[in-house]
Amino acid sequence: MTLEIAVFLSMNGKAKEAIEFYKRNLQAEELLLVTYTDMTQRDPSMELTEENKELISHSVLQIGKTKVMIAEETMEPKEKYQAGNNFSLCIQSADLTEVKRFYQNITSDTRVNVIRPLSANMFSEAYAIVRDPFGVDLQLMYDPRLN
């Protein structure tokens with residue numbers, strides 16, 4: 001299978017606590033954990049402070065057959081955290097053409113708000129964030145490891 005959708009949770013500074021909670025109570029397996037300090041090693045332009053250096057930039061847990069991604073910030077960091085903007089669906093595919101097609105299809109709807117246009121970043125050749133007409137943030141990401 002080359003496509004999966006993962007739930008992405010923003011935890012407003014409580015990502016470590018949430019990760020430990022899910023590991024302890026749901027037998028979640030930690031597949032990936034990246035702090036802001038780790039991110040600055042990949043991208044020196046990121047701002048590192050005493051307050052954020054140990055916070056979670058990105059993590060992936062496996063709970064049964066489902067992946068749950070957890071980080072500190074919402075998809076639009078300028079937005080104030082509130083219940084409702086603390087989750088998104090991360091649509092990942094090992095097929096780059098499929099990711100590009102999804103992006104084109106979704107953004108052809110004028111009601112869609114593009115938060116981050118489809119482009120390469122430090123962890124994916126193609127990554128975007130959009131808010132659909134129903135207020136759900138969708139992350140689109142190419143991930144060849146899904147093959």
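Which residues make up the largest nonpolar core? I put this question to the model, which is a predicted one, and found 12 residues in all: Ile 91, Leu 96, Val 99, Tyr 103, Val 112, Ala 126, Ala 128, Val 130, Val 136, Leu 138, Leu 140 and Tyr 142. I then looked up which elements give two or more residues to this core, and these are helix H3 (96-107), strand S7 (127-131) and strand S8 (137-142).

From the core I picked Leu 138 and listed its contacts, leaving aside residues up to four places away in sequence; Leu 138 touches Leu 89, Ile 91, Ile 106, Ala 128, Ile 129, Val 130 and Asp 132.

**The sheet**

I next followed the strand order, and noted that eight strands form an open sheet, S2-S3-S4-S1-S5-S8-S7-S6, with mixed pairing. At the edges I found strand S2 (29-35) and strand S6 (113-119), each of which has a single partner strand, so one side of each is left without a neighbour in the sheet. For the turn between neighbouring strands of this sheet I noted an average of 20 degrees, direction ignored.

I looked at the edge strand S6 again and found that four bridges join S6 to S7, the two running antiparallel. For Ser 119 I looked up the bridge partner in S7, which is Tyr 127.

**The helices**

I checked which strands helix H1 (residues 15-26) lies across, and these are strand S1 (3-10), S2, strand S3 (56-63) and strand S4 (66-71), with the helix running at about 10 degrees to S3. For H3 I noted that this helix lies across S1, strand S5 (87-93), S6, S7 and S8, and that H3 runs at about 155 degrees to S8.

**Two single residues**

Is Gln 139 buried or exposed? I placed Gln 139 in strand S8, and I record this residue as buried because its relative accessibility is 3%, where the cut-off for buried is under 20%. Not counting residues up to four places away in sequence, Gln 139 touches Phe 8, Met 75, Ser 88, Leu 89, Cys 90, Ile 91, Tyr 127, Ala 128 and Ile 129.

I turned to Lys 100, which is found in helix H3, and entered this lysine as partly exposed because its relative accessibility is 43%, a value that falls in between the limits of 20% and 50%. I also looked up the separation of Lys 100 and Tyr 142, which are 42 residues apart in sequence and 8.8 Å apart in space, C-alpha to C-alpha; Tyr 142 is one of the residues of the largest nonpolar core.

How values were computed. Residues numbered from 1 in each chain as written. Predicted model: local features only at pLDDT ≥ 70, side-chain atom pairs only at ≥ 80, totals over all residues. Heavy atoms only, no water. Core = buried A, V, L, I, M, F, W, Y, C linked by side-chain atoms within 4.5 Å. Buried < 20%, exposed > 50% of the residue type's maximum accessible area, 1.4 Å probe, protein only. Contact = heavy atoms within 4.5 Å. Pairing = 2+ DSSP bridges. Axes fitted to C-alpha atoms, helices over the stretch in contact; angles between N-to-C directions.
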